[in-house]
Amino acid sequence: MFLLFLFLSHGIYAQTEEIPYRRSSLYSILVNNTASEYSEVIKAAFLTMPLPEKYNDHDLSVKVIDTDGTPFGIREDKENRRFTNFLKKNHVASRLVSKWFLRNPETGECSLQQIQERGLYNASTFEREMAQRSARSEALLMDAGEDLIGNTYVLVNSIESADKSAGAKIAGALLGIAGAVTSIATSNSGFGNLGKFSADELEKFQKFKVRINTFLYQLVWDDEAAGLFYKEVYSDKPDVEKQKYFEEIRDKFQLKYIGKVESKAGKTDFSGLQDPMDMVRKACKRALDENVVDLAHRFEFFRPKMPLLSTPPLKADIGLKEGLTPQSRYEVLEVVTDENGRRSYKRVGVVRPKADAIWDNRYMSVEENAANATLGATTFEKVRGGDFFPGMLIREINE
């Protein structure tokens, strides 16, 4: 049986982008086994972990689904029908669409402001074109649908401890702070004083490991879904009839299952950490980032695009967290915009990271004094192509 744990995300971990660029959008949720020894601790860690920075935060209010046992079929490679049915029953797809249009659930009033901002459209030009309801405005909406709304994804994560050797005393101490997780998360504070642990207790906790199964879904935003929303739901002013009609057709908006990966439950380096909660958070975040990288490797459309920050030297805000290795190859993309404002991406070259200049941007790498943790970016070198300029995008390719 599923129970909902409601949590409104407040953007605890803010990030400033030096060069704005279009990103895919992500909603990440946890399926939490309340019968597990570490369920409350893992929940607390999940609620305070930042989303992968290369994606827009498209979280909804539900961040955790509590279950009273290990989720059925979690180890299978195929689609988990229980997860899929839960997403469908709770109309998650329609809620994601509503968030794109900042739809007021009480009045039905919608706004294109978020699409304009995430799509990097000039505000005054965008508003003028939308008001004219012209062929150009339709082209802009089609562009936004293909490159923004259609690249909205859901991650369903099941996190479980892969090693029980941390000891009951430490587990009990961690569980004691889990009740305050909501106030902690919303106040942007730490976990407070957990008390002192002996060297022996901390040494035991160094063995803490987690295993994460992550299921990827994508919002279906095709001509049918877009046409239905724009014609029958969208209104830039309060409209009671359209508000009521949307409630009747929520199941017309769908998510499609893409695939599933499982982290390797490897040992995490807890060097420099004395707070067990930090250890749990680090283990969970590292494993989840690993799964996001695996999914991006498997599914090309899920791979993020990132801008070149400087040329020369060729630098980009990417590193070990995104699975970068000396063997990685990235295409360099030039953004081409036609007369109607629709964008496309033209490959103009290929780059590779310099082996000795790969940034270790993994979660808490600075705290563990990891090599290259303070680089701030990875330096690349040209494999082929012409002149590159800051703001051009790079995306991983298979070569």
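Start by selecting strand β5, residues 152–161: with 3 residues, this strand gives the most to the lining of the second largest cavity. Keep in mind as you click around that the model is predicted.

Now show the whole lining of that cavity: Asn33, Thr70, Pro71, Ser158, Ile159 and Glu160. The space they enclose comes to about 40 Å³. Colour the lining by class and you get 2 nonpolar, 3 polar and 1 charged residues.

How many cavities of 30 Å³ or more does a search of the whole structure find? The count is 2. For the largest cavity, go to helix α12, residues 276–298, which gives the most to the lining with 5 residues. To land at the centre, pick Val292, Val293, Pro304, Lys321 and Glu322, the nearest to it among 17 lining residues. The volume here is about 200 Å³, and the lining splits into 9 nonpolar, 1 polar and 7 charged residues.

Next, an open site. Select Ser137, Glu138, Leu141, Met142 and Tyr230, which lie nearest the centre of the second largest pocket. This pocket holds about 820 Å³ of space. Four helices give two or more residues each to the lining: α4 (113–118), α5 (123–132), α6 (135–147) and α10 (223–232). Which of them has the largest share? That's α6, with 7 residues. Of the 31 residues around the pocket, 14 are nonpolar, 8 polar and 9 charged.

While you're by α4, look at the loops on either side of it. Leucine 102 sits in the loop between α3 (92–100) and α4, and has a positive phi of about 45° although it isn't a glycine. Its relative accessible area is 41%, so it is partly exposed. Then hop to leucine 120, in the loop between α4 and α5. Here too phi is positive in a residue other than glycine, this time near 60°. Leucine 120 counts as partly exposed, at 33% relative accessibility.

Now pull up helix α2, residues 81–89, and show the side chains of Phe83, Thr84, Phe86 and Leu87, its buried residues. Look down the axis: those residues fall within an arc of 160°, so they line one face of the helix. Turn to the face pointing away from the buried side and you'll find Arg82, Lys88 and Lys89, which are exposed. Check both ends as well. At the N-terminal end, asparagine 80 is the cap, with a side-chain oxygen 3.1 Å from the backbone nitrogen of arginine 82. Just after the helix, histidine 91 takes a positive phi of about 50°.

Last stop: a pair of cis peptide bonds. Select threonine 311 and proline 312, joined by a cis bond with omega about -20°. Step along to the bond from proline 312 to proline 313, which is also cis, with omega near -5°. Proline 312 is in the loop between β8 (306–310) and β9 (314–316), and proline 313 has its place in that loop too.

From there, go to threonine 379 in strand β12, residues 378–385. Its C-alpha is 9.9 Å from that of threonine 311, although 68 residues separate them along the chain. Is threonine 379 buried or exposed? It's buried, with a relative accessible area of 13%. To see what surrounds it, leave aside neighbours within four places in sequence and show its contacts: Pro313, Leu314, Lys315, Pro353, Lys354 and Ala357.

Terms used. Residues are numbered from 1 along each chain as its sequence is written. This is a predicted model: local features need pLDDT of at least 70, side-chain atom pairs count only at pLDDT 80 or more; totals for chains, interfaces and linings use all residues. Side-chain values use heavy atoms; hydrogens and water are left out. On a 1 Å grid over the protein atoms alone, a cavity is a set of points where a 1.4 Å probe fits but cannot get out, and a pocket is an open set with protein on both sides within 12 Å along at least five of seven lines; lining residues have an atom within 4 Å of a point. Grid points are joined across faces, edges and corners, and a volume is the space filled by probe spheres set on the points. Ala, Val, Leu, Ile, Met, Phe, Trp, Tyr, Cys and Pro count as nonpolar, Asp, Glu, Lys and Arg as charged, and the others, Gly among them, as polar. Buried means under 20% relative accessible area, exposed over 50%, partly exposed in between (1.4 Å probe, protein chains only). The arc is that of the directions from the helix axis to the C-beta atoms. A polar contact is a pair of N or O atoms within 3.5 Å; within protein, one must be able to donate a hydrogen and the other to accept it, and residues adjacent in sequence count only if both atoms are side-chain atoms. Contact means heavy atoms within 4.5 Å.
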